[in-house]
Amino acid sequence: MNGKRLAAARQLTAEGKMPAKLVHFLEVLAYGEQGAPGVRPAPPGAVGASPAATAAWLGPAASGSTGPAREFLDDVIALQGGPVPCPFPIRAFERSWVLSTLARADVPFAVPSALLDDLAATVEPIGVAAGAGLPADADTSSVTLYALAKLGRPIAPDSLFAFETPAGFCTWPGEDGFSVTTNAHVLDAFGQFVITTADASPRYREVLDKLSATLSGEQRADGSWHDRWHASPYYATACCAVALDESGRGPAAREAVARAVDWVLRTQRTDGSWGRWSGTTEETAYAMQVLLATGNPARRAVNEAVRQGYAFLSEALGAQPDPPLWYGKELYLPKAIVRAAAVAALHLTQAGPDSAATGDIAARR
């Protein structure tokens, strides 16, 4: 935290050598200057999928400017009457997460074919970008591929091999760190493609073996996982446990899922919720997905925990504000994605074989 890396990044920006990922942070890297060499807005006029970066690219003369970038800022400011989101637009990210979450939980819904066509069109040989002006990343690519496969549009996950490393899969080439949720989503993508297409490609199955071992090895001693893209261990634990349950291979994967279920049961709050700092609808939804979307043996304990969780979630959803728990340039809240997680958890509870207690709750409402 001594400023050396920032200075180096600003030097790269001035020389026109800035890595594509850093365009998202242009307001920091090109501070006090207009634009940056080689940087251009992407449709609909955003720079790096960021209103702040777009404003930095326009520079001090933004108030008198015209063109797509200025029009983009006017439009995004109008959405909330002034405040603007940290990342925007992030169409592929929002669509793929919502669709994959609902499809995994078997929530009945109809997807317009045009939406699937649009999502499939984002899949390129280099992967899928979360939003306009961002580089492709393995996380968005994997969730998109998983959603398409679940919804009957499987596409071979070969683009993900561009992100493979000896340790697993990076979120993007050159990433400084390691993400367990990205690797869980890669496991989802390869596993669902193998299930959907009965593709016995040895290379795909090697990925399933590799990531089963990697994710099991990254589990913490208490049974949870933590990750760099979300403040809550319940998000990371849901991603890893459900992926290992669906597509993991070997006894280590099964044992990791069982430990995750035990951790979730141990950490439920007295009001039926779950949360790192306080009970939230988002984290409760993830905890319930661990209990309901994995094949676990602790049925009686799970039923009681789910009953209490359902009571909390059905009362809190829409009435209790969700805190921002997602890591970007700041903590942010992707509302559609969080809402989908809650809908999925409620549906899993109501559709499960032991849903009588939750049915009573629903009837009283």
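## Helix packing and buried residues

In this predicted model, helix α13 crosses helix α14 in a left-handed manner. Helix α13 spans residues 299-316 and helix α14 spans residues 335-351; their axes lie 10 Å apart and pack at an angle of about 135°. With that angle, α13 is oblique to α14. On the α13 side, the contact is formed by Val 306, Tyr 310, Leu 313 and Ser 314, while α14 contributes Ala 342, Ala 345, Leu 346, Thr 349 and Gln 350. By class, six of these residues are nonpolar and three are polar, with no charged residues in the contact.

A left-handed crossing is also found where α5 passes α7. The axes of α5 (residues 91-104) and α7 (residues 138-150) come within 8 Å and cross at roughly 45°, and α5 is therefore oblique to α7. From α5, the participants are Ala 92, Phe 93, Ser 96, Trp 97, Leu 99, Ser 100, Ala 103 and Arg 104; they meet Asp 139, Thr 140, Val 143, Thr 144, Tyr 146, Ala 147 and Lys 150 of α7. This contact of α5 with α7 comprises eight nonpolar, four polar and three charged residues.

The two helix pairs are set out below.

| Helix pair | Axis separation | Crossing angle |
|---|---|---|
| α13 and α14 | 10 Å | about 135° |
| α5 and α7 | within 8 Å | roughly 45° |

Turning to the interior, the largest nonpolar core holds 80 residues, of which Leu 160, Phe 190, Trp 225 and Trp 326 touch the most other members. Beyond four places in sequence, the contacts of Trp 225 include Val 180, Leu 215, Pro 233, Cys 240 and Leu 244, and also Glu 218, Gln 219 and Thr 237. A second, separate core has eleven residues, among them Ala 30, Ala 36, Val 47 and Ala 53.

Two further residues merit individual description. Asn 183 lies in helix α8 (residues 180-197). Its relative accessible area is 0%, so Asn 183 is buried. Leaving aside neighbours within four places in sequence, Asn 183 is in contact with Gly 168, Phe 169, Phe 178, Leu 211 and Leu 215.

Gly 48, by contrast, is placed in the loop between α2 (26-29) and α3 (51-58). Gly 48 counts as buried because its relative accessibility is 2%, under the 20% cut-off. Although Gly 48 and Phe 25 are 23 residues apart in sequence, their C-alpha atoms are 7.6 Å apart in space. Not counting residues up to four places away in sequence, Gly 48 touches Val 23, His 24, Ala 132, Gly 133 and Leu 134.

Terms used:
Residues are numbered from 1 along each chain as its sequence is written. This is a predicted model: local features need pLDDT of at least 70, side-chain atom pairs count only at pLDDT 80 or more; totals for chains, interfaces and linings use all residues. Side-chain values use heavy atoms; hydrogens and water are left out. Axes are lines fitted to C-alpha atoms, for helices over the stretch in contact, and angles run from 0 to 180 degrees between N-to-C directions. Helices (H or I, at least four residues) and strands (E, at least two) are DSSP runs, numbered from the N terminus. Angles under 35 degrees count as roughly parallel, over 145 as roughly antiparallel, 65 to 115 as roughly perpendicular and the rest as oblique. A crossing is left-handed if the near helix is turned anticlockwise from the far one by less than a right angle, and right-handed if clockwise. Contact means heavy atoms within 4.5 Å. Ala, Val, Leu, Ile, Met, Phe, Trp, Tyr, Cys and Pro count as nonpolar, Asp, Glu, Lys and Arg as charged, and the others, Gly among them, as polar. A nonpolar core is a set of buried Ala, Val, Leu, Ile, Met, Phe, Trp, Tyr and Cys residues joined through side-chain atoms within 4.5 Å. Buried means under 20% relative accessible area, exposed over 50%, partly exposed in between (1.4 Å probe, protein chains only).
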